[in-house]
Amino acid sequence: MNTPTFHAVIGTMLLARGSAQAAGVVKSARPWELELGVGASDQPDYSGSQGSSPRLLLWANGEYATENWGRFALDSAPLTLDPQFRWEFIDSREYGLGLLLGYRKGRNDRSPGWVGDTGSARLKGMGNVSPAVDGGLSGFVQILGIPLFAQLRAALNGDQGTIGVLGAYLPLELTSRFELTVLPSLTWANGEQMQAFYGVTPAQSAASGFKVYDPGSGWQNAALELLGDWNVGGPWHLIGAVGYQRLLGKAADSPLTQDKNQWSGLLGLSYRF
């Protein structure tokens, strides 16, 4: 891929080599790429939670480059960003622009299972935040060989709102078999998005005991992710990732937030076609 993978279906991970290809660092003579993976992760029960739970993750990364219609890409999420399918109608090594269709998980007021939405019994009475399909724009530009990216994503259904993501993306080939990708990002959310995950309405306050809270729009979090990719033989790759998110501003001050520092990790295995 020529653009940075903004990662994004079921679970939560972008592979380092896939990232390098997405940034235009690695080029393939073949017009398509496909990678499937499975792994286990440990993630916060919900954004702002003090507790964490093991989760089963499945992911798929793929792309198809056309001669005249740009590039189509499917990216499974890393630990700190959300899944998406993109059509990159402007597709060059130095810059790109495209449309995206993505997915964002919701949140329940019960403890999370091995798959699906986040949640916690601590949120009893808060009700559920429905998962969302979102649409938007994504773009990138390379400066001094480093892809800097931006996304604007608006929910097309449910309780969630609009988010904007800014980030940079540093793929490092440390050995012939091991690659490391460094992915810092900064996320802004509008009032509807902040209310869905960090706000408390009067009705929710009466049902849950949390004080009424209206966060409004603002910066939601700053994140850093490290993704390691070790080729263990042929098409098989061992994948490991560590993610850190620092909740900011009104998200950090929410009565639902127990811990501003959110850690997650992943260990998995992928197969490349």
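## Contacts, salt bridges and a nonpolar patch

Leaving aside residues up to four places away in sequence, N108 touches D117, T118, G119, S120, L123, G127 and N128. This residue belongs to strand β6, which covers residues 107–108, and N108 counts as buried because its relative accessibility is 13%, a value under the 20% that marks the limit for buried residues. The model in which these contacts are found is a predicted one.

The protein chain as a whole contains 4 helices and 15 strands. Of its 273 residues, 52% are buried, and its accessible surface comes to about 11800 Å², with 63% of that area belonging to carbon and sulfur atoms.

One of the helices gives an example of how buried residues can be arranged. Which residues of helix α2 are buried? In this helix, which runs through residues 191–198, the buried residues are Q193, M194, A196, F197 and Y198. They lie on the same side of α2, because the arc that they cover around the axis is only 160 degrees. As a general point, an α-helix has 3.6 residues a turn, so residues three or four places apart point the same way.

Charged side chains form another part of the picture. In general, side chains of opposite charge can pair when their charged atoms come close. The structure holds 9 salt bridges, and the table sets out three of them, with the distance between nitrogen and oxygen atoms and the relative accessible area of each partner.

| Salt bridge | N to O distance | Acidic partner | Basic partner |
|---|---|---|---|
| E33 and R30 | 3.8 Å | E33, 15% | R30, 32% |
| E35 and R272 | 2.5 Å | E35, 4% | R272, 13% |
| E88 and R86 | 2.3 Å | E88, 1% | R86, 0% |

In the pair of E33 and R30, whose side chains meet in a salt bridge, E33 is buried with a relative accessible area of 15%, whereas R30 is partly exposed at 32%.

The salt bridge between E35 and R272, in which the closest N and O atoms are 2.5 Å apart, joins two strands. E35 lies in strand β1 (residues 32–44) and R272 in strand β15 (residues 261–272), so the pair ties together parts that are 237 residues apart in sequence. Within this pair, E35 is buried with a relative accessible area of 4%, and R272 is likewise buried, with 13%. E35 and R272 are also linked with D229 in a network of salt bridges.

For the salt bridge of E88 with R86, the closest N and O atoms are 2.3 Å apart. Here E88 counts as buried at 1% relative accessibility, and R86 is buried with a relative accessible area of 0%.

The surface also carries a nonpolar patch. Which residues make this patch of about 1000 Å²? It is made by F89, I90, Y95, L97, L99, L137, V141, I143, L144, I146, L148 and L170. At least two residues of the patch come from each of the strands β4 (84–91), β5 (95–104), β8 (132–143) and β9 (146–155). Y95, one of the patch residues, has its place in strand β5. With a relative accessible area of 47%, Y95 is partly exposed, and this value satisfies the requirement of over 30% for a patch residue.

Definitions and conventions:
Residues are numbered from 1 along each chain as its sequence is written. This is a predicted model: local features need pLDDT of at least 70, side-chain atom pairs count only at pLDDT 80 or more; totals for chains, interfaces and linings use all residues. Side-chain values use heavy atoms; hydrogens and water are left out. Patches are made of residues with over 30% relative accessible area and no salt bridge: like charges are joined within 9 Å, nonpolar side chains (Val, Leu, Ile, Met, Phe, Trp, Tyr) within 5 Å. Accessible areas come from the Shrake-Rupley method with a 1.4 Å probe; for residues, only the protein chains shown count as cover. Buried means under 20% relative accessible area, exposed over 50%, partly exposed in between (1.4 Å probe, protein chains only). The arc is that of the directions from the helix axis to the C-beta atoms. Contact means heavy atoms within 4.5 Å.
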